Amino acid sequence: MWSQGIHARSGVTCADCHLPYMRNGATKISDHWVRSPLLNVNRACQNCHHVSEKELLARVDGIQDKNYKLLQRVGAALMDQIDAILKAKKDGATEEQLKASLELQRKAQWRIDFIAAENSMGFHAPQEAARILGDAIDYARQGEVAALKWVTFPPYVFPAAEGTPSMDSDLADDQKTPIDSTPQEGASHTPSADSPSANPAATPVTSDSNDA
Ligand code: HEC
Ligand code: HEC
C-alpha cells in the first residue's frame, strides 16, 4: 500500500517518518519509539517539508478525512447490498441465483478490510486507497443490483476480457502479501448460504454518508 504513494516513489522510507533521528550533541541517535509521526511533526516531517506544523497537520487531516468518508460510503453500499441479499433469500432466491451477488459482496468486503487494516487512514497512499475503495463501492452496488434482480439474473460469468481484472490482479504485488487481519482470496471468508452478512463492514456506518 505504502509503496503506491508519493513518499515511497520519492525514496522516503518508513524510518524517515516513524523513527526520525534526534540530535543528541554531536551524535545522531534514533528516536526509537514507534508511534504516530503526527505526535512529532517537527522531527518526522519538517526536515523535508518546510511549512508550518499546523499546515502539515491540516494536509494529513484532509487526506484522512476523505479516506474516512469514503470508507463510510463503502460501508453503506455494502449494507444495502446485504439487505438486498437477505430480502432475496426471504423471497426464495437460491444460492445459485445469488451467486453473482455473493461473489461481488466478497470482492467489496475484501477491499474494505484491506484499507481498514492498513492503519494510516489513507495517508500512506491516498490515491491508491481511494481507488480501492471506489472499486469496493462499485462491486457492492453491482452486487445489490444483482440481488434485486435475482429472479431474472443470469448466472454471472466473470468477464475474462482485458481490463477487467479478477479478485486482486489489479492490486500491486506487495498488496497481495497476506496481512494478518486481511482475508485473502480462497480463505474461509467466503460468505456461506446461511450467513451472507457474515462480518459486514468492519467500519461504522452512518446515515449521513452522502455529504462528502
Ligand atoms: C511520509 C511519512 C511516512 C512514511 C514514509 C511512512 N509512514 Fe506510516 N504513517 C504515517 C502517518 C502520518 C500515519 C498516520 C498516523 C496517525 O494517523 O496518527 C502513519 C501510520 C502508520 C501506522 C499505523 C500507526 C498507528 O498508530 O496505528 C503504521 C503501522 C505505519 N504507519 C507503518 C508504516 C510502515 C511499515 C512504513 C514503511 C513501509 C510507513 N509507515 C511509512 C507516516 C508515514
Ligand atoms: C525524507 C523526506 C520526507 C519526509 C521525512 C516526509 N516527506 Fe512528505 N513528501 C516528501 C516528498 C519528496 C514528497 C513529494 C513531493 C512532490 O514530489 O511534490 C512529499 C509529499 C508529501 C505530501 C503530498 C502527498 C500527495 O500525495 O500529494 C504530503 C501531504 C506530505 N508529504 C506530508 C508529510 C508528512 C505529514 C510527513 C511526516 C509525517 C512527511 N511528509 C514526511 C518528502 C518527505
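The following exercises work through the helices and the two ligand shells of one predicted model.

Residues are numbered from 1 along each chain as written, while chains are lettered from A and ligands numbered from 1 in written order. Because the model is predicted, local features need pLDDT of at least 70 and side-chain atom pairs count only at pLDDT 80 or more, whereas totals for chains, interfaces and linings use all residues.

**Exercise 1. List the elements of the chain in order.**

Solution. Helices (H or I, at least four residues) and strands (E, at least two) are DSSP runs, numbered from the N terminus. The chain has six helices and two strands. Read from the N terminus, their order is α-α-β-β-α-α-α-α.

**Exercise 2. Check the span of H4 against the expected value.**

Solution. The expected span is 1.5 Å times one less than the number of residues. H4 has 38 residues, which should span 56 Å. The end C-alpha atoms of H4 are 55 Å apart, which agrees. After H4 comes Gly92, with a positive phi near 105°.

**Exercise 3. Do the same for H5, then decide why H5 counts as largely enclosed.**

Solution. Helix H5 (residues 99–118) has 20 residues and reaches 29 Å from first C-alpha to last, close to the expected 28 Å. A residue is buried if 20 or more other C-beta atoms lie within 10 Å of its own, exposed if 12 or fewer, and partly exposed in between, with C-beta atoms placed from the backbone. In H5, 15 of the 20 residues are buried, so the rest of the structure largely encloses this helix. For the chain of 212 residues, 28% count as buried. Just after H5, Asn119 has a positive phi of about 85°.

**Exercise 4. Describe the shell around ligand 1 and place the ligand relative to the domains.**

Solution. A residue is near a molecule if its C-beta atom, placed from the backbone, lies within 6 Å of it. Ligand 1 is surrounded by 16 residues, and Cys14, Cys17, Ser36, Asn119 and Ser120 are the closest. H2 gives the most to this shell, with four residues. Domain 1 (8–53) and domain 2 (59–176) both contribute to the shell, so ligand 1 lies between them; the bounds come from an automatic or database domain assignment.

**Exercise 5. Repeat this for ligand 2.**

Solution. Of the 16 residues around ligand 2, Ser10, Pro37, Cys45, Cys48 and Arg59 come nearest. Helix H1 (6–9), helix H2 (14–18) and helix H4 (53–90) each give two or more residues to the shell. H4 gives the most, with three. Both domains give residues to the shell, so ligand 2 also lies between them.
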